[in-house]
There are 2 protein chains.
Amino acid sequence: GDAKLGKAKASAQCAVCHGPTGISQLPEAPNLAGQVEMYLVKALNDFRSGARSNEMMTIVSKGLSDADVANLAAWYASVEVSVQAPQ
Amino acid sequence: GDAKLGKAKASAQCAVCHGPTGISQLPEAPNLAGQVEMYLVKALNDFRSGARSNEMMTIVSKGLSDADVANLAAWYASVEVSVQAPQ
(Lines give C-alpha, C1' and ligand atoms only; values in the text may rest on other atoms or scores of the structure.)
Protein backbone atom coordinates (compact mmCIF):
# COMPACT_ATOMS: atom_id res chain seq x y z
CA GLY A 1 0.00 0.00 0.00
CA ASP A 2 0.90 3.68 -0.22
CA ALA A 3 1.72 5.00 3.24
CA LYS A 4 1.32 8.64 2.14
CA LEU A 5 -2.23 8.05 0.94
CA GLY A 6 -2.80 5.98 4.06
CA LYS A 7 -1.65 8.85 6.27
CA ALA A 8 -4.24 11.16 4.69
CA LYS A 9 -7.01 8.57 4.97
CA ALA A 10 -6.05 7.84 8.56
CA SER A 11 -6.22 11.48 9.59
CA ALA A 12 -9.72 11.65 8.12
CA GLN A 13 -11.17 8.43 9.56
CA CYS A 14 -8.91 6.64 12.03
CA ALA A 15 -6.99 9.25 13.99
CA VAL A 16 -9.95 10.23 16.12
CA CYS A 17 -9.68 6.89 17.99
CA HIS A 18 -6.29 5.47 17.01
CA GLY A 19 -4.34 8.73 16.78
CA PRO A 20 -2.63 10.06 13.63
CA THR A 21 0.48 7.92 14.26
CA GLY A 22 -1.31 5.03 15.91
CA ILE A 23 -1.08 5.86 19.59
CA SER A 24 -4.55 5.15 20.95
CA GLN A 25 -6.71 8.10 21.97
CA LEU A 26 -9.40 5.91 23.59
CA PRO A 27 -9.15 3.18 26.27
CA GLU A 28 -10.75 0.59 23.98
CA ALA A 29 -8.91 1.47 20.79
CA PRO A 30 -5.66 -0.44 20.24
CA ASN A 31 -2.39 1.22 19.32
CA LEU A 32 -1.62 0.73 15.63
CA ALA A 33 1.82 2.40 15.55
CA GLY A 34 4.39 0.10 13.92
CA GLN A 35 1.91 -2.79 13.90
CA VAL A 36 2.60 -5.75 11.57
CA GLU A 37 1.30 -4.69 8.12
CA MET A 38 -0.19 -8.10 7.23
CA TYR A 39 -1.99 -8.18 10.58
CA LEU A 40 -3.54 -4.75 9.95
CA VAL A 41 -4.74 -5.82 6.49
CA LYS A 42 -6.24 -9.01 7.93
CA ALA A 43 -7.92 -7.16 10.81
CA LEU A 44 -9.50 -4.56 8.51
CA ASN A 45 -10.65 -7.20 6.03
CA ASP A 46 -12.09 -9.33 8.85
CA PHE A 47 -14.12 -6.32 10.00
CA ARG A 48 -15.26 -5.69 6.39
CA SER A 49 -16.29 -9.34 5.91
CA GLY A 50 -17.83 -9.70 9.35
CA ALA A 51 -15.37 -12.44 10.36
CA ARG A 52 -14.64 -10.06 13.19
CA SER A 53 -17.05 -7.55 14.62
CA ASN A 54 -16.79 -4.43 16.72
CA GLU A 55 -19.36 -1.73 17.30
CA MET A 56 -17.19 0.95 15.70
CA MET A 57 -14.97 -0.94 13.30
CA THR A 58 -17.77 -2.84 11.61
CA ILE A 59 -19.25 0.50 10.52
CA VAL A 60 -16.01 2.33 9.74
CA SER A 61 -14.58 -0.56 7.71
CA LYS A 62 -17.65 -0.73 5.45
CA GLY A 63 -16.54 2.52 3.81
CA LEU A 64 -13.04 1.27 3.01
CA SER A 65 -11.86 0.06 -0.38
CA ASP A 66 -9.16 -2.56 -0.89
CA ALA A 67 -6.77 0.29 -1.68
CA ASP A 68 -7.74 2.12 1.51
CA VAL A 69 -7.03 -1.03 3.53
CA ALA A 70 -3.62 -1.47 1.89
CA ASN A 71 -2.71 2.21 2.29
CA LEU A 72 -3.85 2.45 5.93
CA ALA A 73 -1.93 -0.72 6.81
CA ALA A 74 1.16 0.64 5.05
CA TRP A 75 0.91 3.95 6.90
CA TYR A 76 0.51 2.64 10.45
CA ALA A 77 3.08 -0.11 9.87
CA SER A 78 5.57 2.52 8.66
CA VAL A 79 5.54 4.32 11.99
CA GLU A 80 8.80 3.37 13.68
CA VAL A 81 8.53 2.10 17.22
CA SER A 82 11.28 1.52 19.75
CA VAL A 83 10.70 -0.54 22.85
CA GLN A 84 12.03 -0.44 26.43
CA ALA A 85 10.97 -3.44 28.49
CA PRO A 86 10.66 -2.64 32.22
CA GLN A 87 13.64 -4.04 34.20
CA GLY B 1 -2.90 -7.84 36.53
CA ASP B 2 0.62 -8.64 37.72
CA ALA B 3 3.12 -7.79 35.00
CA LYS B 4 5.87 -9.89 36.60
CA LEU B 5 3.73 -13.04 36.55
CA GLY B 6 2.62 -12.06 33.07
CA LYS B 7 6.23 -11.81 31.91
CA ALA B 8 6.89 -15.39 33.05
CA LYS B 9 3.69 -16.70 31.46
CA ALA B 10 4.46 -14.83 28.24
CA SER B 11 7.94 -16.32 27.95
CA ALA B 12 6.41 -19.78 28.31
CA GLN B 13 3.48 -19.43 25.91
CA CYS B 14 3.41 -16.19 23.91
CA ALA B 15 7.00 -15.20 23.19
CA VAL B 16 7.44 -17.84 20.50
CA CYS B 17 5.15 -15.82 18.18
CA HIS B 18 4.79 -12.42 19.83
CA GLY B 19 8.30 -12.09 21.26
CA PRO B 20 9.15 -11.75 24.97
CA THR B 21 8.56 -7.97 24.89
CA GLY B 22 5.86 -8.04 22.25
CA ILE B 23 7.76 -7.45 19.03
CA SER B 24 6.31 -9.96 16.59
CA GLN B 25 8.46 -12.92 15.56
CA LEU B 26 6.05 -14.07 12.82
CA PRO B 27 4.55 -12.19 9.85
CA GLU B 28 0.99 -12.94 11.01
CA ALA B 29 1.46 -12.32 14.72
CA PRO B 30 0.76 -8.74 15.84
CA ASN B 31 3.11 -6.72 18.00
CA LEU B 32 1.85 -6.54 21.59
CA ALA B 33 4.51 -4.22 23.01
CA GLY B 34 2.89 -1.29 24.84
CA GLN B 35 -0.54 -2.28 23.57
CA VAL B 36 -3.62 -0.89 25.37
CA GLU B 37 -4.17 -3.15 28.41
CA MET B 38 -7.98 -3.23 28.13
CA TYR B 39 -7.69 -4.13 24.46
CA LEU B 40 -5.39 -7.06 25.25
CA VAL B 41 -7.79 -8.35 27.91
CA LYS B 42 -10.71 -8.06 25.50
CA ALA B 43 -8.81 -9.77 22.67
CA LEU B 44 -7.75 -12.70 24.87
CA ASN B 45 -11.26 -13.10 26.31
CA ASP B 46 -12.80 -12.94 22.83
CA PHE B 47 -10.50 -15.77 21.75
CA ARG B 48 -11.44 -17.74 24.90
CA SER B 49 -15.18 -17.23 24.33
CA GLY B 50 -15.01 -17.75 20.59
CA ALA B 51 -16.26 -14.23 19.85
CA ARG B 52 -13.06 -14.03 17.88
CA SER B 53 -11.26 -16.96 16.31
CA ASN B 54 -7.78 -17.62 15.03
CA GLU B 55 -6.13 -20.91 14.25
CA MET B 56 -3.46 -20.44 16.90
CA MET B 57 -5.05 -18.15 19.45
CA THR B 58 -8.25 -20.15 19.83
CA ILE B 59 -6.13 -23.08 21.05
CA VAL B 60 -3.59 -21.13 23.11
CA SER B 61 -6.24 -19.05 24.86
CA LYS B 62 -8.17 -22.13 26.04
CA GLY B 63 -5.39 -22.82 28.52
CA LEU B 64 -5.49 -19.36 30.08
CA SER B 65 -7.17 -18.47 33.37
CA ASP B 66 -8.68 -15.06 34.13
CA ALA B 67 -5.55 -14.31 36.14
CA ASP B 68 -3.31 -15.31 33.23
CA VAL B 69 -5.23 -12.96 30.94
CA ALA B 70 -4.92 -10.07 33.40
CA ASN B 71 -1.21 -10.74 34.01
CA LEU B 72 -0.32 -11.14 30.32
CA ALA B 73 -2.18 -7.94 29.44
CA ALA B 74 -0.41 -6.12 32.27
CA TRP B 75 2.98 -7.37 31.12
CA TYR B 76 2.74 -6.48 27.43
CA ALA B 77 1.04 -3.16 28.20
CA SER B 78 3.89 -2.29 30.59
CA VAL B 79 6.47 -2.42 27.82
CA GLU B 80 7.27 1.20 27.03
CA VAL B 81 7.10 2.20 23.41
CA SER B 82 8.31 5.38 21.74
CA VAL B 83 7.22 6.34 18.26
CA GLN B 84 8.82 8.19 15.34
CA ALA B 85 6.40 8.89 12.50
CA PRO B 86 8.11 8.99 9.10
CA GLN B 87 8.51 12.60 7.89
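This is a friendly dialogue on reading the contact between two chains, and some residues within them, in a predicted model.

Reader: Before we start, what conventions apply here?

Author: Residues are numbered from 1 along each chain as its sequence is written, chains are lettered from A and ligands numbered from 1 in the order in which they are written, and side-chain values use heavy atoms, with hydrogens and water left out. As this is a predicted model, local features need pLDDT of at least 70 and side-chain atom pairs count only at pLDDT 80 or more, while totals for chains, interfaces and linings use all residues.

Reader: How many residues does each chain bring to the contact, and how much area do chain B and chain A bury between them?

Author: The general idea is that the size of an interface is often given as the accessible area lost when the parts come together. Buried area is the accessible area (1.4 Å probe) that two parts lose on being put together, summed over both. Here chain B and chain A bury about 2300 Å², with 56% of it on carbon and sulfur atoms. In chain B, the most area is lost to chain A by Tyr39(B), Val83(B) and Pro86(B), which together make up 20% of what that side buries. As for residues in contact (heavy atoms within 4.5 Å), 25 come from chain B and 25 from chain A.

Reader: How many salt bridges and polar contacts are counted between chain B and chain A?

Author: A salt bridge is a side-chain nitrogen of Lys or Arg within 4 Å of a carboxyl oxygen of Asp or Glu. A polar contact is a pair of N or O atoms within 3.5 Å; within protein, one must be able to donate a hydrogen and the other to accept it, and residues adjacent in sequence count only if both atoms are side-chain atoms. Between chain B and chain A there are zero salt bridges, but nine residue pairs are in polar contact, both residues being at pLDDT 80 or more.

Reader: Which elements of chain B supply the side that touches chain A?

Author: Helices (H or I, at least four residues) and strands (E, at least two) are DSSP runs, numbered from the N terminus. In chain B, α3 (37–49), α5 (66–78) and β1 (80–84) each supply at least two residues of that side. The largest share, five residues, comes from β1(B). By class, the side of chain B that touches chain A has 14 nonpolar, eight polar and three charged residues. In that scheme Ala, Val, Leu, Ile, Met, Phe, Trp, Tyr, Cys and Pro are nonpolar, Asp, Glu, Lys and Arg are charged, and the others, Gly among them, are polar.

Reader: What does β1(B) pair with, and do the strands run parallel or antiparallel?

Author: Two strands pair if DSSP finds at least two bridges between them. In this model five bridges join β1(B) to strand β1 (residues 80–84) of chain A, and the two run antiparallel. Within this pairing, Glu80(A) stands opposite Gln84(B).

Reader: How many salt bridges does the whole structure hold?

Author: The search finds six over all chains. One of them joins the side chains of Asp46(A) and Lys42(A), at 2.6 Å from N to O. These two are separated by about one helical turn because they lie four residues apart in helix α3 (residues 37–49) of chain A.

Reader: Are Asp46(A) and Lys42(A) buried or exposed?

Author: Buried means under 20% relative accessible area, exposed over 50%, and partly exposed in between (1.4 Å probe, protein chains only). Asp46(A), at 18%, counts as buried, and Lys42(A), at 44%, as partly exposed.

Reader: Which parts of chain B does the salt bridge between Arg48(B) and Asp66(B) tie together?

Author: Their side chains meet at 2.9 Å, N to O. Arg48(B) lies in helix α3 of chain B and Asp66(B) in helix α5 of chain B, so the pair ties together parts that are 18 residues apart in sequence. Arg48(B) is partly exposed at 25%, whereas Asp66(B) is exposed at 59%.

Reader: Where does His18(A) lie, and what does its side chain meet?

Author: His18(A) is in helix α2 (residues 15–18) of chain A and is buried, at 10% relative accessible area. A polar atom of its side chain lies 2.9 Å from the backbone oxygen of Pro30(A). Leaving aside neighbours within four places in sequence, His18(A) has contacts including Ile23(A), Leu32(A), Met57(A) and Tyr76(A).
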